[in-house]
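Here is a short report on selected parts of one structure. Please keep the sequence and the 3D view at hand while reading.

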Amino acid sequence: MNTAIDTRSTPDAADAADAALAPGAVVLDEFVEARGPWSAVVAAGDVLTIVDLEGNQAVDCLLYAVADTAVRYSAAATIAAQQSIVLTTGSVLRADTGAPMMTVVADEVGVHDTIGGACSQESNTLRYGQHTREQHACVENFLIEGSRWGLGKRDLVSNINWFMNVPVDPDGALGIVDGLSAPGKRVALKAEVDTLVLVSNCPQINNPCNGFNPTPVRMIVTRPEAAK
C-alpha cells in the first residue's frame with residue numbers, strides 16, 4: 001500500500017476527470033498527504049495533472065526513464081535548452097541525455113522553480129538551526145519513496161519544485177518567497193516516454209515555500225487517446 005495516499009476521501013472518477021487539465025480516461029487518481037512522498041509510472045502519452053488543493057504548496061519532483069533509471073531529469077539540460085530557469089506551458093523536461101521526458105502542456109500558475117533544490121535535514125540545520133535537525137525533509141521523502149523502485153542516494157539529482165516561487169535578484173541572489181499558486185491551481189505534464197515520477201510533497205515549515213503550513217495535493221493521470 002502506498003502510504004502517501006490520503007485516505008480521508010475516496011477519489012471519484014467523474015470528479016477526477018473534471019479536475020484534470022487534460023481530457024481522457026482517468027487511469028490514476030490519488031491524494032498525497034501533507035509532508036508525504038508519492039510515486040507512479042506515467043506511461044508515454046498519458047498526462048499527469050498536479051492539483052495544489054489548498055494553495056501555496058511546493059511539490060518537489062524527480063523524473064526517471066522506466067526503461068533505464070540511469071536516464072533521469074536534468075535541470076541543467078532543461079534550463080539550457082529553453083534558456084529559462086522557470087517552467088510553464090511548453091517547457092520540455094529533459095534528461096541528462098537531452099532527450100525529452102515530459103512536457104508541460106497546461107499551467108494555471110505560470111512559474112515553477114528549477115533551481116531551489118530540495119530541503120534536507122542537513123540543510124535545515126545549516127539554515128535554520130540545530131532545533132530543526134529532526135524535522136522531516138524532502139531528501140528523506142525521496143529516499144523513502146525511491147527505495148520502492150531500487151533508487152538510492154546516488155540517484156538523487158537537482159529537482160523540480162512545482163508551484164514554488166524562487167525569484168532571482170539582479171545581483172544573482174535568490175530567495176524562497178510566498179508562492180504564486182492558489183487553491184485548486186493545476187499544472188499538467190505529458191509523458192514523452194514511460195516515466196517514473198517521484199514526488200516529495202514538501203514538509204518544509206521554516207520558509208514561505210508552503211506558507212509555513214504543508215497541505216495535501218492531488219495527482220491525476222489521464223489517457224487522452226481514450227477520450228470520446
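## A buried asparagine

Asn210 has a relative accessible area of 2%, so it counts as buried. The model is predicted. Asn210 sits in the loop that links β11 (195-201) and β12 (217-223).

Its surroundings come from two stretches of the chain. Setting aside residues within four places in sequence, Asn210 contacts Asn56, Gln57 and Ala58, and also Cys202, Pro203 and Gln204. Ala58 adds a polar link: its backbone nitrogen lies 2.8 Å from a polar atom of the Asn210 side chain.

## The sheet

Six strands form an open sheet: the sheet of 6 strands runs β1-β12-β3-β10-β7-β6, with antiparallel pairing. The edges are β1 (25-32) and β6 (92-94). Each has a single partner strand, so one side of each lacks a neighbour in the sheet. From one strand to the next, the twist averages 20°.

Within this order, β3 (residues 47-52) and β10 pair in the antiparallel sense over 6 bridges. Asp52 stands opposite Lys185 of β10.

## Ala191 in β10

Strand β10 covers residues 185-191, and Ala191 belongs to it. Is Ala191 buried or exposed? Its relative accessibility is 1%, and the cut-off for buried is under 20%, so Ala191 is buried.

Beyond residues up to four places away in sequence, Ala191 touches Val42, Ala43, Ala44, Gly45 and Asp46, together with Met101 and Met102. Met101 is 90 residues from Ala191 in sequence, yet their C-alpha atoms are 6.1 Å apart in space.

How values were computed. Residues numbered from 1 in each chain as written. Predicted model: local features only at pLDDT ≥ 70, side-chain atom pairs only at ≥ 80, totals over all residues. Heavy atoms only, no water. Helix = DSSP H or I, 4+ residues; strand = E, 2+ residues; numbered from the N terminus. Buried < 20%, exposed > 50% of the residue type's maximum accessible area, 1.4 Å probe, protein only. Contact = heavy atoms within 4.5 Å. Pairing = 2+ DSSP bridges. Axes fitted to C-alpha atoms, helices over the stretch in contact; angles between N-to-C directions. Polar contact = N/O pair within 3.5 Å; in protein donor to acceptor, adjacent residues only side chain to side chain.
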